[in-house]
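Colleague: Could you take me through one part of this model up close? I'd like a connected story rather than a list.

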Amino acid sequence: MAVWPSGVASDSDLYQAKNNLSTTLNGAIDNVTTTIVLTDASAFPAVGFVTIGNEAIKYTGVAVNTLTRCV
């Protein structure tokens with residue numbers, strides 16, 4: 001995350017894109033879902049964003065094949 005105004009963000013402070021990383025949903029989601037079950041989440045970083053259709057979803061945890069704390 002950004003550290004401004006106390007400093008300048010470094011690579012470790014910013015999200016890094018994982019190009020062409022993809023998997024499929026393993027269950028339904030809706031606008032109040034806070035966990036997203038995937039068929040394989042092994043390559044996903046611990047914190048990040050996923051895109052489903054035209055929705056960008058932030059998650060802050062990965063447990064087995066589940067993205068957690070999604071908003």
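Let's start with Thr66: is Thr66 buried or exposed?

Modeller: Keep in mind that this is a predicted model. Thr66 comes out as buried, because its relative accessible area is 19% and the cut-off for buried is under 20%. You'll find Thr66 in strand 5, which covers residues 66-68. Leaving aside residues up to four places away in sequence, Thr66 touches Thr35, Ile36, Val37, Ala41 and Gly61.

One of those contacts, Ile36, takes us to the second largest pocket, since Ile36 is part of the lining there. That pocket holds about 190 Å³ of space. Its lining also includes Ile29, Asp30, Asn31, Val32, Thr33 and Thr34, along with Ile52, Glu55, Ile57, Cys70 and Val71. Sorted by class, you get seven nonpolar, three polar and two charged lining residues.

Ile52, Glu55 and Ile57 from that lining bring in a hairpin: strand 2 (residues 48-52) and strand 3 (residues 55-59) run antiparallel, with five bridges joining them. Gly48 sits opposite Tyr59 of strand 3. Two residues lie between the strands of this hairpin, and Gly53 has a positive phi near 65°.

Back up the chain, the loop between strand 1 (36-37) and strand 2 contains Ala43. Ala43 counts as partly exposed because its relative accessibility is 44%. Ala43 and Asn65 are 22 residues apart along the chain, and their C-alpha atoms are separated by 9.9 Å.

Terms used: Residues are numbered from 1 along each chain as its sequence is written. This is a predicted model: local features need pLDDT of at least 70, side-chain atom pairs count only at pLDDT 80 or more; totals for chains, interfaces and linings use all residues. Side-chain values use heavy atoms; hydrogens and water are left out. On a 1 Å grid over the protein atoms alone, a cavity is a set of points where a 1.4 Å probe fits but cannot get out, and a pocket is an open set with protein on both sides within 12 Å along at least five of seven lines; lining residues have an atom within 4 Å of a point. Grid points are joined across faces, edges and corners, and a volume is the space filled by probe spheres set on the points. Ala, Val, Leu, Ile, Met, Phe, Trp, Tyr, Cys and Pro count as nonpolar, Asp, Glu, Lys and Arg as charged, and the others, Gly among them, as polar. Two strands pair if DSSP finds at least two bridges between them. Helices (H or I, at least four residues) and strands (E, at least two) are DSSP runs, numbered from the N terminus. Buried means under 20% relative accessible area, exposed over 50%, partly exposed in between (1.4 Å probe, protein chains only). Contact means heavy atoms within 4.5 Å.
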